[in-house]
Amino acid sequence: MNFNRKDLLGIESLTKEEILFILETAKSFREVLDRPIKKVPTLRGKTVVNLFFESSTRTRMSFELAEKRLSADILNFSASTSSSTKGETLLDTARNILAMKVDCFVLRHSTPGTPHLLAKKLPVSIINAGDGAHEHPTQALLDLYTIREKKGKIEGLKIAIVGDIAHSRVARSNIWGMCKLGAKVRVCGPPTLIPPLVEKMGVEVFYSLEDALTGVDIVMMLRIQKERQNKGFLPSNSEYIDFFSLNEEKLNLAQPDVLVMHPGPVNRGIELPARIADGEKSIILDQVTNGVAVRMAVLYLLLAKR
Ligand code: CP
């Protein structure tokens, strides 16, 4: 297949074939990560700018490592120490960095649509590393990769995504991706944290965690996104924990070989207890490892032939 895109802005706009092609490409980069020398010359001479206007641990370090593993040159931008604190616009910032002759921006921003704006205005590749509550495409790709790696398939699997669906770009990107690849996706949370009309994305909505978990192959727990909530959506943390926190009793309703996922950061004791986050059914750290390979694949497909 010929992957002929300038940018990666979201999963909604990708075809099933494109998603599968990225996941297959990531397999060969995953193998590189197990070598004693974890580096290939694929992007030598290319320069990638990590433009992060929001906090990040996993995505930022994973992109930086992926770029280094591909031998690209890297510029790291931190909003708090940049001239954006003096009133410079996003577009001016990006245009000034572009004038230094770079090839790609990896953008995380709290405003949905900002990667799309840069993609329209700039002639270089833009990768969305999370835009507000809209999309987080590389997170969904690494989640899909990890499910395929562990279960051998995605089609026909029953997957429950639990928590703050309304404010989660991870949920949105995963719903698009999982549905395109033929999974049966359930979303579950308090009514205040389920977005209206989410069923139109092809998912089934549950307000009871016990019902949502019954018979599932995968459960993905999500953090309450307090930074994106502008009012109280929950009476209290303890009430949320009573109804929507994962425990062994609830997990026993799922398939015996159920796997537990979380995009991170985990709030231990709220969405799930430490003993499940660190337990034998958890594949949370496999998601993180695979994230580097998936991001190497995305960078390679967008940049190698340009
Ligand atoms: N999963 C994820 O996006 O984590 P960070 O916010 O740490 O990048």
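This dialogue goes through the ligand site and the domains of a predicted model.

Student: Into which domains is the protein divided?

Tutor: The assignment gives domain 1 (16-133 + 288-303) and domain 2 (137-283). Their C-alpha centres lie 26 Å apart.

Student: How many residues of each domain are in contact with the other?

Tutor: Contact here means heavy atoms within 4.5 Å. On that basis, 25 residues of domain 1 touch 22 residues of domain 2.

Student: Where does the ligand lie with respect to the two domains?

Tutor: It lies between domain 1 and domain 2, because both give residues to the shell around it. The site is also the largest pocket.

Student: Which residues are around the ligand?

Tutor: Ser56, Thr57, Arg58, Thr59, Arg108, His136, Gln139, Pro263 and Gly264. By class, the shell has one nonpolar, six polar and two charged residues.

Student: Which polar contacts does the ligand make, and how do I read them?

Tutor: Look for pairs of N or O atoms within 3.5 Å. For Ser56, a polar side-chain atom is 2.6 Å from a ligand oxygen atom. Pro263 uses its backbone instead: an N or O atom there lies 2.9 Å from a nitrogen atom of the ligand. Gly264 also has a polar backbone atom, 3.3 Å from a ligand nitrogen atom.

Student: How much of the ligand's accessible area does the protein cover?

Tutor: The general idea is that an interface's size is often given as the accessible area lost when the parts come together. In this model, the ligand on its own has 250 Å² of accessible area, and the protein covers 92% of that.

Conventions
Residues are numbered from 1 along each chain as its sequence is written. This is a predicted model: local features need pLDDT of at least 70, side-chain atom pairs count only at pLDDT 80 or more; totals for chains, interfaces and linings use all residues. Side-chain values use heavy atoms; hydrogens and water are left out. A residue is near a molecule or strand if one of its heavy atoms lies within 4 Å of it. A polar contact is a pair of N or O atoms within 3.5 Å; within protein, one must be able to donate a hydrogen and the other to accept it, and residues adjacent in sequence count only if both atoms are side-chain atoms. Accessible areas come from the Shrake-Rupley method with a 1.4 Å probe; for residues, only the protein chains shown count as cover. On a 1 Å grid over the protein atoms alone, a cavity is a set of points where a 1.4 Å probe fits but cannot get out, and a pocket is an open set with protein on both sides within 12 Å along at least five of seven lines; lining residues have an atom within 4 Å of a point. A molecule sits in a cavity or pocket if more than half of its atoms lie within 2 Å of its grid points. Ala, Val, Leu, Ile, Met, Phe, Trp, Tyr, Cys and Pro count as nonpolar, Asp, Glu, Lys and Arg as charged, and the others, Gly among them, as polar. Domain bounds come from an automatic or database domain assignment.
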